[in-house]
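Work through the exercises below with the sequence and the model open. Try each task before reading its solution.

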Amino acid sequence: MFKDLDPILHSQLRLAVMSLLIGVKEAEFTYIKEKTGATAGNLSVQVQKLKDVGYIDVTKQFKDNYPQTLCRVTSAGIKAFEVYVQALQEYIKK
Amino acid sequence: MEEKQISEHEGLLLIQQMIQTAKKEQKDDGKGWIIWGWMLFLASILTVMNINFKWFQTFFFWNFFGVITLVALAYQTVSYLFIRKTEKVRTYTKDLFQRLNTGFFISLMFIIVAINVNISPTIGFSLLISLYAFWILIYGSALNFRPSIIAAYLTWGIGFVSLFMKGFEQVMLLHAAAVLVGYIIPGHIANNEFRKLHQRNKVVESV
């Protein structure tokens with residue numbers, strides 16, 4: 001019996017964002033954009049989806065007069081990521 | 001990268017790739033250890049030469065080193081407070097290192113003041129070697145850098161031996177050996193690995 005893969009995480013860009021954030025404390029939106037190679041618009045939509053389900057926290061602030069968006073993974077996000085990786089491994093073993 | 005469904009294999013590959021990308025943020029180029037190590041090494045060796053050739057007062061080179069360190073610390077503090085580079089990513093390791101370095105410099109100052117106020121320099125420098133070893137062990141463990149972990153125990157060994165030395169000159173030679181083993185050699189190994197990794201990434205990115 002295989003677990004269903006979390007549809008929120010089972011998409012290329014959202015999974016990339018979560019995998020990137022899981023290894024750091026927090027990252028700027030521009031950093032994630034640079035590392036994933038996504039467009040700002042698309043990334044913004046996917047970040048919002050991750051935020052809506054509570055997998056990441058997004059903080060918008062100003063730094064040196066420039067807007068700054070910081071993202072960090074939440075404990076719910078870590079749990080979901082762990083379950084997702086476990087489910088992936090089960091599928092691959094099959 | 002765009003919004004699309006992926007296979008299980010692609011999913012695992014993507015996770016690996018992104019985690020590796022995040023890991024690169026935590027690599028140390030070793031330059032800090034090399035500079036710090038050579039400064040301490042030179043101060044120790046020049047002090048030994050100074051004792052033999054009697055150029056200046058015994059602690060001349062340590063005082064000189066102290067002034068340079070204070071200037072460097074002041075520069076770092078100013079640049080951190082006023083001209084801080086915009087860091088796009090914060091890692092748990094970087095945060096740990098900031099606190100570790102703060103604790104290290106406070107303890108370092110503690111021992112230096114103790115040397116100037118009460119305890120003998122011979123014992124004081126043995127305590128400093130022990131402090132270096134502690135820093136090297138935590139730093140090396142956080143980076144999972146084996147040469148530093150081994151170097152930490154060797155540095156402690158040298159520090160322990162230095163406790164039984166009567167002459168300041170012997171302690172200075174052991175201090176030089178400790179920084180060579182603890183900072184300089186691991187620093188060059190780390191720098192070499194960092195440059196190789198950097199080179200490999202450049203090749204991968206150009207493909």
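## Exercises on a predicted complex

UniProt, in an unreviewed entry, places the feature "domain: Winged helix DNA-binding" at residues 13-92 of chain A. The model is predicted, and the predictor gives the complex an ipTM of 0.85 and a pTM of 0.82.

**Exercise 1.** Describe the span 13-92 of chain A by its end-to-end distance and its helix and strand content.

Solution. Take the end C-alpha atoms of residues 13-92 of chain A: they lie 21 Å apart. Then take the secondary structure: the span is 61% helix and 24% strand.

**Exercise 2.** State how confident the prediction of chain B is, and where confidence is lowest and highest.

Solution. Start with the average: chain B has a mean pLDDT of 90. Next, 94% of its residues score at least 70. Then go element by element: α1(B) has the lowest confidence, with a mean of 86, and α6(B) the highest, at 97. Keep a general rule in mind: where pLDDT is low, the predicted coordinates should not be read in detail.

**Exercise 3.** Give the fold pattern of chain B, and decide whether the chain is a compact globule or more spread out.

Solution. Count the elements: chain B has 7 helices and 1 strand. In sequence order they read α-α-α-β-α-α-α-α. Now compare the radius of gyration of chain B, 21 Å, with the 17 Å that the globule rule gives for 207 residues; the value is well over the rule, so the chain is more spread out than a compact globule. Along the principal axes, the C-alpha trace of chain B spans about 75 × 35 × 30 Å. As for burial, 23% of the 207 residues of chain B count as buried. Finally, consider contacts in chain B between residues at least 6 apart in sequence: 67% of them join residues at least 24 apart.

**Exercise 4.** List the stretches of chain B that UniProt marks as "transmembrane region", and examine residues 149-165 and 171-190.

Solution. The unreviewed UniProt entry lists residues 33-53, 59-83, 125-142, 149-165 and 171-190 of chain B. Residues 149-165 of chain B are 82% helix and 0% strand, with end C-alpha atoms 25 Å apart. Residues 171-190 of chain B are 100% helix and 0% strand, and there the end C-alpha atoms are 27 Å apart.

**Exercise 5.** Find which parts of chain B touch chain A.

Solution. The contact takes 26 residues from chain A and 24 residues from chain B. On the chain B side, α1 (8-24), β1 (89-90) and α4 (92-117) each supply at least two residues. The largest share, 11 residues, comes from α1(B). By type, the chain B side divides into 10 nonpolar, 5 polar and 9 charged residues. Turn next to the strands: β1 (residues 26-28) of chain A pairs with β1(B) in the antiparallel sense over 2 bridges. Within this pairing, A:Ala27 has B:Val89 as its bridge partner.

**Exercise 6.** Locate B:Lys54 and B:Asn144, and decide whether each is buried or exposed.

Solution. B:Lys54 sits in the loop between α2 (31-53) and α3 (60-81) of chain B. Its phi is near 50 degrees, a positive value in a residue other than glycine. The cut-off for exposed is 12 or fewer other C-beta atoms within 10 Å; B:Lys54 has 9, so this residue is exposed. B:Asn144 lies in the loop between α5 (121-143) and α6 (146-162) of chain B. Phi of B:Asn144 is also positive, about 55 degrees, although the residue is not a glycine. B:Asn144 has 10 C-beta neighbours inside 10 Å, so B:Asn144 counts as exposed.

Notes:
Residues numbered from 1 in each chain as written. Chains lettered and ligands numbered in written order. Predicted model: local features only at pLDDT ≥ 70, side-chain atom pairs only at ≥ 80, totals over all residues. Contact = placed C-beta atoms within 7 Å. Helix = DSSP H or I, 4+ residues; strand = E, 2+ residues; numbered from the N terminus. Nonpolar A, V, L, I, M, F, W, Y, C, P; charged D, E, K, R; others polar. Pairing = 2+ DSSP bridges. Buried ≥ 20, exposed ≤ 12 C-beta atoms within 10 Å, placed from the backbone. Rg over C-alpha atoms; globule rule 2.2 N^0.38 Å. UniProt positions renumbered as here; feature names shortened; annotations may be inferred. pLDDT = per-residue confidence, 0-100.
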